[in-house]
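Reader: I have a chain in front of me and I want to learn how to read it. Where do we begin?

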Amino acid sequence: MQPSVSRLNCKPEATAFRPGVAQSITHCAREVPASEAAHASLAPILLVRSPVVAASRNSPAEENQDQLFPKGVVLVIRRDLADGMDLFPDELRAMARATSARRYEFALGRRCAREALGILGGPRVAIPVGRFRDPVWPLGYVGSITHCQGFCAAAAARVLPGDGSCTIRGLGLDSRLAASLPEQLAEVVCSAEECTWLASRQGDGVPWNRLFFCAKESAYKCLFPATHSLLEFREVGVRFNPKLGSFDVTLPSLRDLPARLLGRFAIRDEILLAATTWIESPACP
Ligand SMILES: CC(C)(COP(=O)(O)OP(=O)(O)OC[C@H]1O[C@@H](n2cnc3c(N)ncnc32)[C@H](O)[C@@H]1OP(=O)(O)O)[C@@H](O)C(=O)NCCC(=O)NCCS
């Protein structure tokens, strides 16, 4: 399967896709089926018409990924490897004792990650496994990988995207099946305030408690490579804006953590996706 690729929020003429990858891209305006209208008040991100990813074949969430991250971030989504694994020796060593399913999932993530780097003009190199399982991106790049039941995605960006207006210090991407968390787990993940908000959304058909989980994991993945901060779920505050498909993240003030993280989420065909971007300069869009 060709990957579906999106250079997020970039103008079509500004994109510089590699041959082969470019063939899988179209810019289309999608009609919104009536069945989706019910989501309109929840997350318009599902409904936005804009230049987006192609390869509609097996795609659960990719059609609306164009707004998950700000300009300068590349997102690649895949469901399979098609032409076999292409792991580097370092990566193979990390998977030496893994099951074949885990090795496949890992290889799929590395493939997406290398494709994203390639689109950015980055090097084709190993992405080793860090001490805390974090992917180690080449110097000058940040990124994040997620997999969930045959769905896999990686996002990557240059730390300095080009025009000097901003620095992207981190990206976090998380995907989960769209089903509610068991009550007890939800209480571990959410603060009292978040539980109150959850109660107010009961019955709207969105598994918000798992979205909290997903959003917090994406924030953790975004921060970890730069800060090595191990965070508890309840230390990280998330406030959703269902109408905008966005969320704010608040972090423990005692730690040297960034003030501003941008969060976006999407729900599509049973997959929840949360994306967090750590932007250093306020001038960045
Ligand atoms: C790793 C973790 C973040 C997500 O793992 P998961 O449930 O397997 O979900 P995903 O498939 O979406 O993500 C796995 C990918 O995240 C990336 N990842 C793993 N650990 C990471 C870390 N410390 N920092 C950044 N990215 C990390 C890896 O690329 C991994 O895929 P790979 O092993 O194939 O390379 C989670 O399991 C974890 O360890 N959490 C501990 C901390 C936590 O939960 N804190 C509370 C949140 S605030």
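Author: Begin with one pair of strands. Keep in mind that this is a predicted model. Here β5 and β9 run antiparallel and are joined by 9 bridges. Look at one position: Ile168 stands opposite Ile279 in β9.

Reader: How many bridges join β8 to β9, and which way do they run?

Author: Strand β8, residues 261-268, and strand β9, residues 271-279, run antiparallel, with 8 bridges between them. Pick out two of the partners. Gly263 has Thr276 of β9 as its bridge partner. Phe265 has Ala274 of β9.

Reader: What lies between β8 and β9?

Author: A turn. The two strands form a hairpin with 2 residues between them. Asp269 sits in that turn and has a positive phi of about 45°.

Reader: Now the whole sheet. What is the order of its strands?

Author: Read across the sheet, not along the chain. The order is β5-β9-β8-β7-β6, an open sheet of 5 strands with antiparallel pairing. β5 (168-177) and β6 (237-241) each have a single partner strand, so these edge strands have one side without a neighbour in the sheet. From one strand to the next, the twist averages 20°.

Reader: How do I read the two faces of a strand?

Author: Use the alternation rule. Side chains in a regular strand alternate between the two faces of the sheet. Now apply the rule to β9. On one side are Ile271, Leu273, Ala275, Thr277 and Ile279. On the other are Leu272, Ala274, Thr276 and Trp278. These residues are all buried, and both faces are covered. With 9 of its 9 residues buried, β9 is therefore largely enclosed by the rest of the structure.

Reader: Where else can I practise this?

Author: Try β2, residues 73-78. 6 of its 6 residues are buried. Val73, Leu75 and Ile77 are on one side, with Val74, Val76 and Arg78 on the other. Strand β2 pairs with β4 (residues 151-158) in the antiparallel sense, over 6 bridges. In that pair, Val73 stands opposite Ala157.

Reader: Which strands does helix α6 lie across?

Author: Helix α6, residues 208-227, lies across β5, β6, β7 (246-250), β8 and β9. The helix runs at about 150° to β5. Check its length too. α6 has 20 residues and reaches 28 Å from its first C-alpha to its last, close to the 28 Å expected at 1.5 Å a residue. Just after α6, His228 takes a positive phi of about 50°.

Reader: Why is α6 called largely enclosed?

Author: Count its buried residues. A residue is buried if 20 or more other C-beta atoms lie within 10 Å of its own. In α6, 17 of the 20 residues are buried, so the helix is largely enclosed by the rest of the structure.

Reader: And the ligand. Which residues come nearest?

Author: Arg133, Asp134, Ile145, Thr146 and Phe224 come nearest, out of 21 residues around the ligand. Next, ask which elements supply the shell. Those giving two or more residues are α3 (100-119), β3 (141-148), β5 and α6. The largest share, 6 residues, comes from α6. By type, the shell divides into 10 nonpolar, 4 polar and 7 charged residues.

Reader: Let me step back. How many helices and strands are in the chain?

Author: The chain has 6 helices and 9 strands. Of its 285 residues, 42% are buried. Among contacts with a separation of 6 or more, 65% come from residues 24 or more positions apart.

Conventions:
Residues numbered from 1 in each chain as written. Predicted model: local features only at pLDDT ≥ 70, side-chain atom pairs only at ≥ 80, totals over all residues. Pairing = 2+ DSSP bridges. Helix = DSSP H or I, 4+ residues; strand = E, 2+ residues; numbered from the N terminus. Axes fitted to C-alpha atoms, helices over the stretch in contact; angles between N-to-C directions. Contact = placed C-beta atoms within 7 Å. Expected span 1.5 Å × (residues − 1). Buried ≥ 20, exposed ≤ 12 C-beta atoms within 10 Å, placed from the backbone. Near = placed C-beta within 6 Å. Nonpolar A, V, L, I, M, F, W, Y, C, P; charged D, E, K, R; others polar.
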